[in-house]
Structure formats: C-alpha cells, structure tokens
Amino acid sequence: MRFLPTPEQREFARSLDAMLSAADTPSAVRSWAAGDRTAGRALWSRLADAGVFALAVPESCGGVGPLPVEVAVAFVELGRHAVPGPLVETVLAAALLAGGSGPDAAAGLLSALASGKAMATVGAPYALDGDAADVVLVLRDGGVWRAPGARDARPCLDRARRLTTPLPGGELLLPRTPPAALHWARLATAAQALGVGLTLLDRTVAHVGRRVQFGVPIGSFQAVKHRLADARIALEFARPLLFGAALTMDPADVAAAKAAACEAAYTTARTALQLHGAIGYTAECDLSLWLTRARALRTAWGAPHECRATVLAAGPPHH
Amino acid sequence: MDLDHSPAEEAFRAEARAWLADHVPARPLPSLETGEGFAAHRAWEAELAADRWSVVSWPVEYGGRGADVMRWLVFEEEYWAAGAPGRVSQNGIGLLAPTLFEHGTPEQRARVLPPMATGEVVWAQAWSEPEAGSDLAALRSRAVRADGGWLLSGLKTWSSRAAFADRAFGLFRGDPGAPRPHQGLVYVMFGLRDPGVTVRPIGRLDGRPAFAELFLDEVFVPDEDVIGEPGEGWRVALSTAGSERGLTLRSPGRYLAAARRLHTLWRTLGSPEHVRDRVADALSGARAYQLSAYAQASRLMEGATVGAEASMNKVFWSELDLALHETALDLLGEEGQFADGPWSEGYVFALAGPIYAGANEVQRDIVAERLLGLPRGRR
C-alpha cells in the first residue's frame with residue numbers, strides 16, 4: 001500500500017495550480033457573477049486542455065478515464081481557486097452518458113463534454129448555470145433527458161452560482177440513470193469543498209499574521225490560534241476520506257467524504273469570516289468568493305443528512 | 001495511490017485473526033484499574049507474548065516480529081476487532097521502548113525489553129508534578145549525583161498504572177543551575193518498590209485507582225538506569241513524544257472497533273433518529289483516522305518522520321473517542337448510567353483523553369505555531 005499521491009498526481013495538481021494562479025480567478029468569478037462569461041469560458045477551455053473534463057469518461061468514449069483520484073486531485077485545485085461554472089455538473093453529465101448505453105446523440109455529446117467544447121449542467125431539479133451551459137440534462141422519471149434549455153436564472157447567495165429551471169420536454173437520452181454516476185458528482189463536490197476550505201484557511205492564516213491589534217498580530221492570540229488549528233485538523237482528516245473514496249468509489253465512502261469535506265470547509269468558512277472581522281463580511285473582499293462557495297457546496301449533490309444516511313445504510317467501515 | 005495490502009500483509013492479518021479467535025477471552029477481563037483486573041491483564045500479556053503477539057513491531061531478538069508500521073496497523077485492526085483486552089503494558093511498549101530503541105544502550109535493551117514484552121514488568125510514567133503539567137519543563141523533582149548513580153527526590157503525580165505497576169520512567173532535574181528549564185534534566189528508570197518510594201493511589205472519576213502520586217525520598221538509581229546522557233533528558237523524552245500523541249498510543253483499530261459496536265448498538269435499538277448524525281460521524285471519523293494512519297504509515301515507510309502532525313492526531317482521536325462514548329451513553333439512556341455497563345469504563349477512560357499526553361490546548365498551540373506558522377504568544 002502506498003496511500004499517497006503519485007508523482008504524476010502531484011504534478012497534475014501543481015500544473016493546475018500554476019495555471020489557475022496565473023489566471024486571476026477572482027476577477028473571472030466576479031465577471032461570471034455579473035453575467036460576463038468570457039473569462040470563465042477561457043478558463044474552461046484551458047481546464048479542458050489540461051484534461052479535467054475527460055477524467056470521468058472512459059477511453060472507449062473518447063476520454064482518459066475513469067480516473068476518480070485524478071478528478072479529486074483536479075477539483076481540490078478548482079476549489080482552491082474558486083473557479084466558476086458548472087464544473088461538477090459537466091463531470092456528472094459525462095459520467096451519466098458514459099455509464100449508460102444511449103443513442104448516438106449521447107456519444108456525440110460525450111466527446112464534446114470530454115473535450116471541453118460543450119459545457120453541461122444537470123437539473124435535479126435546479127440546473128446550475130443553465131443559462132450559460134450548452135447542454136442541459138435533467139434527471140426525471142428515473143432517466144436522463146436532454147432539455148431544450150433552461151429559464152428563470154436566479155442569483156444565489158454565492159453570487160457566482162445561478163440556479164435555473166430546465167425547460168420541459170426534450171429528448172430521452174437514457175431510460176435509466178446510471179446510479180454510480182451520482183457518486184462522481186459527490187466526489188467532485190467533496191474535493192472542491194476541501195479546496196475551498198484550504199484556501200479559506202491559507203488566507204485567514206495570512207490575515208491574522210498581518211493584522212495588528214493591541215500591539216501584536218492577532219494570530220498570536222490563543223483564541224485565534226485554536227480556531228485555526230481546529231480548521232486545519234478538520235480539513236486534514238477530510239482529505240484521506242476524499243482520496244480513500246476516490247479509490248474505492250464505494251457509495252458510503254463517497255458520502256462520508258462529502259459530508260466531512262463540506263463540514264470542514266464550512267467550519268473553516270465560519271472561522272475565516274470571524275477572524276477577518278468586518279472586512280471579511282464585505283463583497284469587496286475576495287474572501288467572500290470562497291465563503292459563499294463553502295455554503296453552496298454543503299447542500300449540492302447530497303446534503304449532510306443524505307450523505308450520513310448513505311454512510312449508515314452501508315454498515316461498518318472497512319476492515 | 002492505492003489502499004491495497006500486499007499478500008504478505010494479508011497473510012499476516014489472517015494469522016493474527018486466527019490466533020486472536022482462539023485466544024481472546026470469551027468474557028471481558030475485570031477492569032485493569034483493579035488489583036484483580038491488573039493481574040488478569042498481566043497474564044494476558046504473557047499469553048500474547050508466548051506466541052509473539054505482544055510487541056509485533058519490535059525486533060525478533062526482543063520478543064517481537066519485526067513488523068513494519070503497516071503490519072502493526074493491520075495487527076491493531078485485528079486486535080480490537082476481536083474484542084481483545086486493553087493493554088496494561090501500553091506505557092512501556094508505546095513510550096519507554098521507543099526511547100530505548102533510539103537512545104538506550106544494548107545492555108539496557110537486553111535487560112528491560114524482554115520482561116516488558118511478557119508483562120513480567122509493567123511500567124508506569126513519572127512525568128507530571130503538581131506544578132508541572134502541560135508545562136512539563138517546570139518540573140522540580142531532583143536527581144542528585146551519588147556514588148555510581150543518582151538519588152531521586154520529589155513528588156510525581158498522575159502516574160497512570162502506578163498503583164499496581166512494577167517500575168516507572170520519567171524526567172528529573174539533575175542540574176538545578178542549568179540556565180534554561182529544558183536543560184539539565186535526566187531521564188531515568190526506577191522501581192516502584194525501591195527504598196524511598198511511596199505510592200499513593202488516586203481514584204479517578206469512577207473511584208478506581210487508575211493513577212497515583214509517587215513520593216520519592218533519596219531513591220537510588222544506578223547509572224545503568226539512566227537513558228541517554230544525563231542533562232539531555234528533555235531531548236530524549238521529546239524524541240518519542242510524537243509516539244505518545246500519535247499512532248503508537250492510539251491505533252485506528254481501536255476506534256474502528258468502537259464505531260462498529262456503536263453502529264450495531266444503534267441498529268439494535270431501532271435506529272433512533274436523535275443520534276443518527278452522531279453515529280454516522282463516528283463511523284466516518286474512525287474511517288478518516290484509519291485512512292490518515294495509512295497515509296502516515298506510507299510516509300514513514302518512505303523514510304519520513306512524525307513531527308508536529310502527531311498533535312493533529314492527538315486532538316482528533318481524543319475527541320473522536322469521547323464523541324463515540326457520549327453517543328453510546330445517550331443512546332442507552334438511563335441504562336447508560338450503570339457503572340458496569342458495556343460503555344461506562346470506556347467513557348470514563350475517554351474523558352481523560354483530551355487531558356493526558358499533552359492537553360489538547362497545547363496540541364492546538366503546536367498545530368498553530370509549527371504547522372500554520374502563527375507567531376508564538378502568551379499561553
């Protein structure tokens with residue numbers, strides 16, 4: 001056993017991190033929130049070039065997967081940089097289409113998703129960024145449909161996320177939803193949440209080291225340190241659950257990872273806000289991009305109680 | 001990245017499982033914090049040792065099997081899954097032995113380790129003092145140079161197992177003139193029935209004498225029972241502090257087994273909604289600690305060392321253990337109040353977890369300062 005990322009996986013993370021660090025993602029997120037998709041689309045293409053959307057797609061369908069560990073590696077970085085758009089949903093759409101035997105239209109869509117030509121979203125019932133996506137899938141009546149579009153884009157607390165309602169009708173792509181596909185969405189969401197939490201922690205550690213009150217950096221106060229230590233511990237113990245789940249793709253493992261990573265990210269968000277004080281409460285401060293994301297991911301693709309129910313249904317942990 | 005045990009590890013697991021199935025007592029032993037229970041647990045150590053299961057990670061020459069850390073984790077999973085008794089020799093095996101492997105002489109190892117492995121000699125710790133708990137370097141008990149050794153005087157307290165144990169190890173101030181509190185300390189081993197030693201058992205919350213005060217009045221310790229250089233005691237002790245806080249003190253197998261028991265109890269009682277989330281979190285927490293241990297073992301096997309990360313383990317397992325037991329007691333309701341209930345002693349034991357081996361507040365300071373790089377400040 002070697003339960004550590006391989007050199008290739010580390011390098012994959014490093015290259016995504018370098019690319020996203022250079023891309024000024026906070027301003028891309030802000031434009032995306034304002035309805036200007038140009039920067040977000042450009043990021044999307046570069047992520048597709050890096051292979052991110054092909055990871056859940058088997059080679060036989062034009063992808064490079066299925067590689068759940070690499071999906072987790074990639075989505076931690078996407079979360080760390082707060083990349084906007086229906087990232088999880090595009091991976092889920094690919095997993096759905098790859099998991100069933102659909103009409104030729106499905107195969108064509110799949111290769112468009114894997115290559116990054118098409119951005120997809122999935123309505124269950126709301127579809128994230130359905131007004132921006134090229135493909136709107138809907139999970140309905142036990143099957144997978146392609147809706148003719150989406151309407152009623154409503155802004156969310158995370159201003160970079162707009163939830164839409166898929167239009168009725170459309171084409172039935174798969175009569176049965178491949179159940180394993182939803183685990184990909186949970187896994188990717190968990191990874192993204194872990195990344196969000198890691199950045200919230202990093203930014204807050206930097207802030208409390210700089211911010212001086214009572215004549216000293218507030219990071220020297222034990223009350224401040226202990227909250228950050230707890231955040232670090234929560235994130236650090238969510239990480240092995242995430243990668244363990246990616247290796248087994250066992251529903252209970254994935255659910256445990258989702259619940260733990262989102263819990264850790266949300267706890268870290270609360271700590272980050274509290275320790276930044278009033279500046280952290282402003283929309284102007286970039287911290288807000290991650291603060292609101294942590295909240296949104298908590299209920300996306302498996303609310304805490306649903307994940308815990310899956311953990312309990314499966315029985316005791318592995319030996 | 002993988003979670004696959006090698007065929008050799010699986011064979012080792014099967015061998016351990018088979019042995020445990022044949023030997024683990026059908027009924028739990030009496031509490032090891034009683035005279036009768038202590039004796040029963042000591043006998044169990046001998047039974048383990050007879051087939052080389054008491055110290056699997058030690059070299060063969062001292063009674064072990066030379067198991068690497070991954071196999072040790074496997075053994076621990078099997079051990080606790082089998083419902084085997086608590087380890088009365090934990091202090092010696094988990095703390096003194098690693099110190100001897102790192103700083104002891106061959107003579108000390110040959111003399112001390114084999115009887116530790118069989119339970120013939122059970123060890124207690126002698127660290128804390130009334131004025132030196134989390135701030136251990138404030139300790140005042142003295143070691144005064146004498147002909148061929150040292151004379152120990154002072155008061156040690158919260159010495160786990162000391163009410164019934166045979167010998168103890170700890171730190172004493174050998175050079176009262178040393179410029180800094182961490183300097184001039186001597187790491188020694190001494191007998192709890194040596195002349196000059198008075199052991200006063202202390203009842204823990206449930207009244208059982210789980211620890212003791214040690215009054216020391218010119219207790220003679222020969223030079224051969226000093227570990228490392230006199231004056232270097234702090235460094236010697238610190239080199240294995242990570243062991244105490246980290247994996248070797250509390251292996252994941254223990255919590256996996258407890259979480260499994262909790263899950264079974266919850267289902268048996270009709271899966272009540274009010275503790276549902278907490279049962280799920282106990283399962284996930286135990287799995288997280290197991291997987292984290294696999295990651296740490298993977299790093300150790302590549303030559304890395306355990307540093308401040310051990311402090312994260314300590315906070316995590318101590319809080320997990322307490323949460324597990326609190327959930328079980330809440331689930332049992334009024335039935336959970338009985339002193340002889342199946343979760344009661346474990347609960348009392350778990351209550352001490354956030355305090356011993358470095359209070360969790362100290363561990364959080366370490367995480368914040370050494371892992372996050374925050375400035376040192378007033379405690």
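The following dialogue sets values from a predicted model against the definitions behind its terms.

Tutor: In this predicted model, local features need pLDDT of at least 70 and side-chain atom pairs count only at pLDDT 80 or more, whereas totals for chains, interfaces and linings use all residues. Residues are numbered from 1 along each chain as its sequence is written, chains are lettered from A and ligands numbered from 1 in the order in which they are written, and side-chain values use heavy atoms, with hydrogens and water left out.

Student: Why is the pair B:Glu107 and B:Arg111 called a salt bridge?

Tutor: A salt bridge is a side-chain nitrogen of Lys or Arg within 4 Å of a carboxyl oxygen of Asp or Glu. The N to O distance for B:Glu107 and B:Arg111 is 2.6 Å, so the pair meets the definition. The two residues are four apart in helix H5 of chain B, which means a separation of about one helical turn; helices (H or I, at least four residues) and strands (E, at least two) are DSSP runs, numbered from the N terminus.

Student: What makes B:Asp225 buried and B:Arg111 partly exposed?

Tutor: Buried means under 20% relative accessible area, exposed over 50%, and partly exposed in between (1.4 Å probe, protein chains only). B:Asp225 has 6% and is therefore buried, while B:Arg111 has 30% and is therefore partly exposed. These two residues also form a salt bridge, with closest N and O atoms 2.9 Å apart. That pair links distant parts of the chain, 114 residues apart: B:Asp225 lies in the loop between strand E7 (211-222) and strand E8 (226-231), and B:Arg111 in helix H5 of chain B.

Student: How do you know that B:Arg13 and B:His5 are in polar contact?

Tutor: A polar contact is a pair of N or O atoms within 3.5 Å; within protein, one must be able to donate a hydrogen and the other to accept it, and residues adjacent in sequence count only if both atoms are side-chain atoms. The side chains of B:Arg13 and B:His5 are joined at 3.4 Å, so the distance falls within the limit. B:Arg13, in helix H1 (residues 7-23) of chain B, counts as buried because its relative accessibility is 6%.

Student: What makes up the contact between chain A and chain B?

Tutor: Contact means heavy atoms within 4.5 Å, and 43 residues from chain A and 52 residues from chain B take part. Buried area is the accessible area (1.4 Å probe) that two parts lose on being put together, summed over both; here the value is about 4,400 Å², with carbon and sulfur atoms giving 67%.

Student: Which salt bridges and polar contacts does this interface hold?

Tutor: Six salt bridges cross the interface of chain A and chain B, and 16 residue pairs are in polar contact, both residues at pLDDT 80 or more. H8(A) provides the largest share of the side of chain A that touches chain B, 16 residues. One pair is A:Arg308 with B:Asp277, at 3.9 Å from N to O, so this distance also lies within the salt-bridge limit.

Student: How many salt bridges lie between domain 1 and domain 2 of chain B?

Tutor: There are five, where the domain bounds come from an automatic or database domain assignment. Domain 1 spans 7-118 and domain 2 spans 123-230. B:Arg42 and B:Asp166 form a salt bridge, their closest N and O atoms being 2.9 Å apart. The two domains bury about 1,700 Å² between them, 57% of it on carbon and sulfur atoms.
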